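Student: Could we go through this model together, taking one helix, the nonpolar cores and a few single residues in turn?

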Amino acid sequence: MFDALSGLNPVPRFVDMFADPLDRWFALYLVCSFLIAFAVFLWEARRDPDVLAQGLWRHLFPKKIYAHKSAIADYYYFALNKLLFVLVFSELVVVSSWAQSGTVQGLGAIAKSPELALPVWLATLSTTLIWILAIDFGLWLGHYLMHKVPILWEFHKVHHSAEVLTPFTAGRMHPLDDIFTGLLGGVLGGIASGVCYYLLAPQPQMFGVLQLNILTSIFYAAGFHLRHSHIWLPYKGWLGRLFVSPAHHQLHHSKAERHWDKNLGFMFAIWDGMFGTLYAVDQREEFEIGMNGREEPEYHSVRALYFLPFVKAWRLVRAKGRAVAPPAEVGKPRQVSKT
């Protein structure tokens with residue numbers, strides 16, 4: 001998903017992403033994910049002798065996953081996306097600034113700012129929370145629409161076509177998918193911050209760490225790169241109803257129909273809870289990664305990852321033009337293979 005939470009970084013370069021705290025691939029976030037995965041290994045090794053016998057390296061980086069054809073496609077696709085499209089993505093954050101300025105100007109044209117005299121700490125806390133919640137809801141909404149609108153689902157299939165999960169699968173996103181969700185997150189975040197600027201003028205601040213909203217920094221450091229991995233790290237009970245854990249997102253990639261269109265959130269699980277798309281990870285379940293067992297291999301080349309969605313979307317448009325789909329099929333983009 002487009003990194004709408006990372007702030008403005010106009011000229012990111014592929015080789016700099018590990019040194020840039022605004023990038024989710026910042027070395028510190030990678031190290032944190034590795035250390036958390038190591039802790040999970042120690043925990044599981046205490047309960048299962050087979051895990052201990054397997055050893056740390058083979059447990060964290062099993063060949064059957066990292067040498068899988070799907071994973072190899074991820075590596076090529078990730079590198080090409082970083083080299084070709086990162087500049088396009090970086091420009092999208094301008095939308096958030098535009099939405100913020102437009103909101104402030106629009107509200108100012110209606111009435112003068114009340115300039116609410118809140119304590120600095122409360123104004124900063126409010127702005128920090130409201131901004132991150134608005135962006136996160138925009139990302140959830142974009143993700144929801146990608147699953148529910150058939151023509152959008154054709155582009156989101158790129159991500160769900162992965163048959164194994166590695167951290168590089170996070171970059172297995174079609175550019176149009178990234179643009180769509182990024183625009184929604186950027187616009188809603190800009191409107192929210194614009195409202196805060198209008199109500200709390202002069203300009204409010206945000207709590208930040210490493211040049212990021214503090215909640216974003218914590219989220220990236222709390223095992224973000226394990227979301228696309230085989231390392232099972234659930235948030236249970238109330239914590240799992242508040243935040244999206246790596247296990248929540250792994251289950252989102254399940255082939256099992258009971259898991260379809262569940263756990264759509266990026267950072268917060270509250271949107272899934274509010275709209276009935278939350279699937280708890282209190283109990284570990286066995287499941288396979290992918291879509292329907294039939295289409296996944298079609299996407300295991302870089303060319304297919306970029307162009308196959310356009311082909312399938314065009315076929316869908318043509319089919320819709322010939323005949324209206326039966327009511328039972330409308331809004332049901334996934335189909336289970338019967339073979």
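Tutor: Let us begin with the packing of one helix, keeping in mind that this is a predicted model. The buried residues of H10 pack against helix H1 (27-47), helix H7 (120-148), strand S1 (208-209) and strand S2 (212-213).

Student: Which residues of helix H10 are buried?

Tutor: Helix H10 runs over residues 214-221, and a residue counts as buried when its relative accessible area is under 20%. The buried residues of H10 are Thr216, Ser217, Phe219 and Tyr220. Because they cover an arc of only 165 degrees around the axis, they sit on the same side of H10.

Student: Which residue caps the N-terminal end of H10?

Tutor: At the other end, H10 is followed by Gly223, whose phi is positive, near 85 degrees. At the N-terminal end, a side-chain oxygen lies 2.9 Å from the backbone nitrogen of Leu215, and the residue that supplies this oxygen as the cap is Asn213.

Student: Which helix supplies the largest share of the largest nonpolar core?

Tutor: In soluble globular proteins, nonpolar side chains tend to be buried together. Here the largest nonpolar core has 17 residues, and those with the most contacts inside it are Phe219, Tyr220, Phe266 and Met267. At least two residues of this core come from each of H7 and H10, but the largest share, five residues, comes from H7.

Student: How many residues has the other core, the one that lies apart?

Tutor: This other core includes Tyr77, Val158, Met291 and Leu305 among its members. Its number of residues is 10.

Student: Is Thr277 buried or exposed, and which side chain does its own side chain join in a polar contact?

Tutor: Thr277 is found in the loop between helix H13 (270-275) and helix H14 (302-322), and its relative accessible area of 7% means that it is buried. Leaving aside neighbours within four places in sequence, its contacts include Trp140, Tyr144 and Asp261. At 2.4 Å, the side chain that Thr277 joins in a polar contact is that of Asp272.

Student: Which residue has its backbone oxygen 3.0 Å from a polar atom of the side chain of Ser193?

Tutor: Ser193 is found in helix H9 (residues 175-199), and it counts as buried because its relative accessible area is 2%. Not counting residues up to four places away in sequence, Ser193 touches Gln100 and Trp131. The backbone oxygen that lies 3.0 Å from a polar atom of the Ser193 side chain belongs to Gly190.

Technical notes:
Residues numbered from 1 in each chain as written. Predicted model: local features only at pLDDT ≥ 70, side-chain atom pairs only at ≥ 80, totals over all residues. Heavy atoms only, no water. Buried < 20%, exposed > 50% of the residue type's maximum accessible area, 1.4 Å probe, protein only. Helix = DSSP H or I, 4+ residues; strand = E, 2+ residues; numbered from the N terminus. Arc of directions from axis to C-beta. Contact = heavy atoms within 4.5 Å. Polar contact = N/O pair within 3.5 Å; in protein donor to acceptor, adjacent residues only side chain to side chain. Core = buried A, V, L, I, M, F, W, Y, C linked by side-chain atoms within 4.5 Å.
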